[in-house]
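Biologist: Hi, could we go through this one together? I'd like to start with the ligand and then move on to the fold.

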Amino acid sequence: MSDTGPSPRSTTPRTVLISGASIAGPALAHWLHRYGFAVTVVERAPALRTGGYKVDIRGAAIEAAERMGILEDIQRASTDMRTGAYVNDDGKRIATLPADIFGARAGRDDEIMRGDLARILHERTRADVEYLFGDSITSITPVTDGTAGVDVTFEHAAPRRFGLVVGADGLHSTVRRLAFGPEEQFVRHLGAYISAFSMPNELGLDREELYHALPGRLICAYSSAGDPAAKGLLVFRSPRLRYDHRDPRQQLALLDAAFEGVGVEAAPARGWGQVPRMLEAAREAGDFYFDGMQLIEMDRWSHGRVVLLGDAAHCPSPASGQGTGMALVGAYVLAGELAAAGRAPEEAFGRYETEMRGYVAVNHALARKFAREMTADTRRQIRFRHLMMRLLPCMPWKNLIAKKIAEDVQRAAQAITLKDYPVPEVPNRAAGPAPDAARPTYAA
Ligand SMILES: Cc1cc2nc3c(=O)[nH]c(=O)nc-3n(C[C@H](O)[C@H](O)[C@H](O)COP(=O)(O)OP(=O)(O)OC[C@H]3O[C@@H](n4cnc5c(N)ncnc54)[C@H](O)[C@@H]3O)c2cc1C
């Protein structure tokens with residue numbers, strides 16, 4: 001049996017199947033290839049998914065990106081946001097602040113479109129890693145013939161054997177369901193839903209984000225550097241809803257119901273006039289995203305030779321603004337521990353958890369706090385927030401206040417110290433790429 005090759009019946013821990021080609025999956029693929037593993041990534045979507053909101057890369061995630069060698073790529077693709085403002089029903093800016101205060105960024109922290117980061121990671125790995133788009137794992141069975149490994153079946157590809165399987169397939173992870181049981185037992189709903197989509201830049205925004213708050217709802221439109229389109233973001237409070245998370249039509253109907261009447265001329269409490277246009281844009285967008293603000297809380301992230309990574313293991317919800325950074329950090333730690341543990345991946349899984357647990361706990365606490373604060377309860381609260389924002393730039397101690405506001409986020413972003421794992425200077429090419437590596441095209 002080969003120790004490095006991607007042979008369909010290899011049982012060595014050095015053949016790894018990763019489910020999910022968003023952030024966590026390709027980041028892990030990058031590191032595992034550097035350490036000499038043969039990596040296959042299976043992604044359910046037919047091509048790389050480029051949608052989503054802008055995401056923050058802060059603290060330890062900046063360090064992880066730098067160690068990966070993608071920090072400059074991230075900086076080049078930065079959203080370069082200038083300002084954030086709250087607007088009234090007529091779209092008039094009533095309070096404006098620098099974007100970095102809005103995003104609680106400090107030092108080298110940056111912000112990038114989720115899709116741009118997915119592209120950077122995919123481009124970094126596509127030559128060395130086998131990508132299977134348009135497929136999904138259907139079963140994972142531990143090998144029982146005395147050799148270690150797992151037998152995997154797919155919706156389309158032929159069955160194969162791998163040394164390890166990694167679930168980097170997000171909040172609704174298939175790997176988690178197959179190896180640990182139904183999602184229900186791990187999901188903690190934070191009481192809100194979020195949607196993000198591209199829309200025409202009819203407002204003529206230039207690296208500016210506009211927010212409009214209503215009781216229980218938050219509406220945002222922005223444009224980022226280099227993107228001729230604008231993005232819309234709609235958040236609404238709600239107890240947990242039952243719907244098919246893979247059916248956009250059901251999700252659009254929920255969005256319509258949550259924002260019904262908002263922005264309509266005749267309605268008594270009108271709201272921003274842009275909202276009806278945004279709902280229309282959501283229906284037409286090719287990158288419509290909708291999901292719950294939910295945490296994934298698990299006692300263990302590994303089971304035998306199966307391990308979870310990123311949102312699949314510990315989704316911190318969009319409320320934390322930390323999910324993407326945590327995925328980069330987790331990939332670095334998991335790969336480093338796997339390389340260090342040699343032929344004992346179970347030991348590596350234990351150490352990976354030990355390293356990550358505290359960081360995850362702090363970020364989950366942050367998510368709970370922000371999910372409560374993201375939308376206001378009453379119009380009075382909203383008026384008070386606007387007043388505070390208007391006063392802030394005039395206050396003599398404004399920098400101190402801004403620092404204080406960012407403190408929780410910064411503490412969470414830095415709640416892990418990255419270990420120094422010895423990385424080979426030159427990637428060990430003996431293990432990959434797999435011979436039948438697919439070359440996907442990007443989705444529009
Ligand atoms: C299209 C998209 C848009 C997003 N938009 C936002 C946003 O606006 N705001 C925000 O805060 N977060 C957003 N997220 C989530 C954000 O990317 C994650 O919180 C974070 O980056 C952690 O990444 P991850 O790789 O662990 O999980 P995710 O980014 O969720 O990636 C999981 C990947 O696994 C794939 N997948 C799912 N099931 C299977 C399966 N059975 N087999 C194979 N592949 C599978 C998915 O298609 C996806 O590519 C979005 C995610 C996606 C996929």
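Biologist: How do the residues of the shell around the ligand divide into nonpolar, polar and charged?
Modeller: Happy to help! Keep in mind that this is a predicted model. The shell has 12 nonpolar, 12 polar and 6 charged residues.

Biologist: Nice. Which residues come nearest to the ligand?
Modeller: Out of 30 around the ligand, the nearest are Ser22, Gly52, Tyr53, Gly170 and Gly310. Two or more shell residues come from each of helix H1 (24–34), strand S2 (38–43) and helix H11 (323–341).

Biologist: And which element has the largest share of the shell?
Modeller: That's H11, with 3 residues.

Biologist: Switching topic, what does UniProt list for the FAD-binding domain?
Modeller: An unreviewed UniProt entry gives "domain: FAD-binding" for residues 15–177 and 298–357. In this model, residues 15–177 are 28% helix and 32% strand, while residues 298–357 are 67% helix and 8% strand.

Biologist: How far apart are the end C-alpha atoms of residues 298–357?
Modeller: They are 10 Å apart. For residues 15–177 the distance is 22 Å.

Biologist: Now the open sheet of 7 strands: what's the order?
Modeller: The order is S5-S4-S13-S14-S15-S12-S16, with mixed pairing. Strand S5 (93–98) and strand S16 (289–296) are the edges, each pairing on one side only.

Biologist: Are S4 and S13 parallel or antiparallel?
Modeller: Parallel: S4 (residues 83–87) and S13 (residues 208–214) pair over 4 bridges, and Gly84 sits opposite Glu209 in S13.

Biologist: Which strands does helix H8 touch?
Modeller: H8 (residues 275–284) packs on the sheet against S12 (187–199), S14 (217–222) and S15 (230–237), its direction making about 90 degrees with that of S12.

Conventions. Residues numbered from 1 in each chain as written. Predicted model: local features only at pLDDT ≥ 70, side-chain atom pairs only at ≥ 80, totals over all residues. Near = placed C-beta within 6 Å. Nonpolar A, V, L, I, M, F, W, Y, C, P; charged D, E, K, R; others polar. UniProt positions renumbered as here; feature names shortened; annotations may be inferred. Pairing = 2+ DSSP bridges. Contact = placed C-beta atoms within 7 Å. Axes fitted to C-alpha atoms, helices over the stretch in contact; angles between N-to-C directions.
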